[in-house]
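Good morning, colleagues. I should like to take you through one model today, from its overall architecture down to individual side chains. Please look at the sequence and the structure together.

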Amino acid sequence: MKKILEFLIHSNIYLALGASSIAYVCIVLLQVPFRWEPVLIAFCSTFFLYNLNRKTDIKEDSINYPERVEFLRKYGKILFKIAILIYLLSLSIALSNNILT
């Protein structure tokens, strides 16, 4: 169980789920019809941006959070590739709606 929780936290899935949860709660509170696109876009963009941030902050993390650096050495490349792919997916979903999205 501990390894699963560490994976969720270090991979930024936990943060992305938090962002998509906020999008869902806003939809519910505003009482607008549910659409999955805003929830997915919130997840994908958060996942991408935090993975990008982890990549750029590796020097600082090697001092402050060596466990995260070890995790990134093990899974960082595949996570970043996935993050790019799902971010492009979210951009295509947003642009298919309209340019203002």
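I shall begin with the basis of the model, then turn to the fold, the charged side chains, one pair of residues and the surface.

This is a predicted model, in which local features need pLDDT of at least 70 and side-chain atom pairs count only at pLDDT 80 or more, while totals for chains, interfaces and linings use all residues. Residues are numbered from 1 along each chain as its sequence is written, and side-chain values use heavy atoms, with hydrogens and water left out.

Let us take the architecture. The protein has five helices and zero strands, and its elements run α-α-α-α-α from the N terminus on. Helices here are DSSP runs of H or I with at least four residues, strands are runs of E with at least two, and both are numbered from the N terminus. The C-alpha trace spans about 45 × 30 × 20 Å along its principal axes.

Of the 101 residues, 32% count as buried. The classes are as follows: buried is under 20% relative accessible area, exposed is over 50%, and partly exposed lies in between, with a 1.4 Å probe and protein chains only. As for contacts, defined as heavy atoms within 4.5 Å, I consider those with a separation of 6 or more: residues 24 or more positions apart account for 66% of them.

I turn to charge. Lys and Arg count as positive, Asp and Glu as negative, and His and the chain ends are not counted. The place of a charge is NZ of Lys, CZ of Arg, CG of Asp or CD of Glu. On that basis, the mean positions of the 11 positive and 7 negative charges are 5 Å apart.

How many salt bridges does the structure hold? There are three, a salt bridge being a side-chain nitrogen of Lys or Arg within 4 Å of a carboxyl oxygen of Asp or Glu. In general, side chains of opposite charge can pair when their charged atoms come close.

One salt bridge joins Glu 6 and Lys 2, with the closest N and O atoms 4.0 Å apart. These two residues are about one helical turn from each other, because they lie four residues apart in helix H1 (residues 2-10). Glu 6 is partly exposed at 36% relative accessible area, whereas Lys 2 is exposed at 62%.

Another links Arg 35 to Glu 37, at 3.4 Å from N to O. Arg 35 is partly exposed, at 40%, while Glu 37 is buried, at 18%. Glu 37 belongs to helix H3, and its C-alpha atom is 18 Å from that of Ile 13, 24 residues away along the chain.

There is also the salt bridge between Asp 61 and Arg 68, at 3.3 Å from N to O. Both of these residues are buried.

Which side chain of opposite charge is nearest to Arg 54? That is Asp 61, 5.5 Å away; Arg 54 is buried yet has no salt bridge. Arg 54 sits in helix H3 (residues 36-56). Beyond its neighbours within four places in sequence, the contacts of Arg 54 include Asp 61 and Arg 68, along with Ile 9, His 10 and Leu 72.

Next, a pair distant in sequence. Tyr 87 and Thr 46 are 41 residues apart in sequence, and their C-alpha atoms are 8.8 Å apart in space. Tyr 87 lies in helix H5 (residues 66-97) and is partly exposed, at 25%; Thr 46 lies in helix H3 and is buried, at 14%. Not counting residues up to four places away in sequence, Tyr 87 touches Cys 44, Ser 45 and Phe 48, and Thr 46 touches Leu 15, Ala 16 and Ala 19.

Finally, the surface. The protein exposes about 7,300 Å², of which carbon and sulfur atoms supply 68%. Accessible areas come from the Shrake-Rupley method with a 1.4 Å probe, and for residues only the protein chains shown count as cover.

Tyr 24, Val 25, Val 28, Leu 29, Phe 34 and Trp 36 form a nonpolar surface patch with about 650 Å² of accessible area together. Patches are made of residues with over 30% relative accessible area and no salt bridge; like charges are joined within 9 Å, and nonpolar side chains (Val, Leu, Ile, Met, Phe, Trp, Tyr) within 5 Å. Helix H2 (residues 13-29) contributes the largest share of this patch, four residues. Val 28, in helix H2, is partly exposed at 44% relative accessibility.
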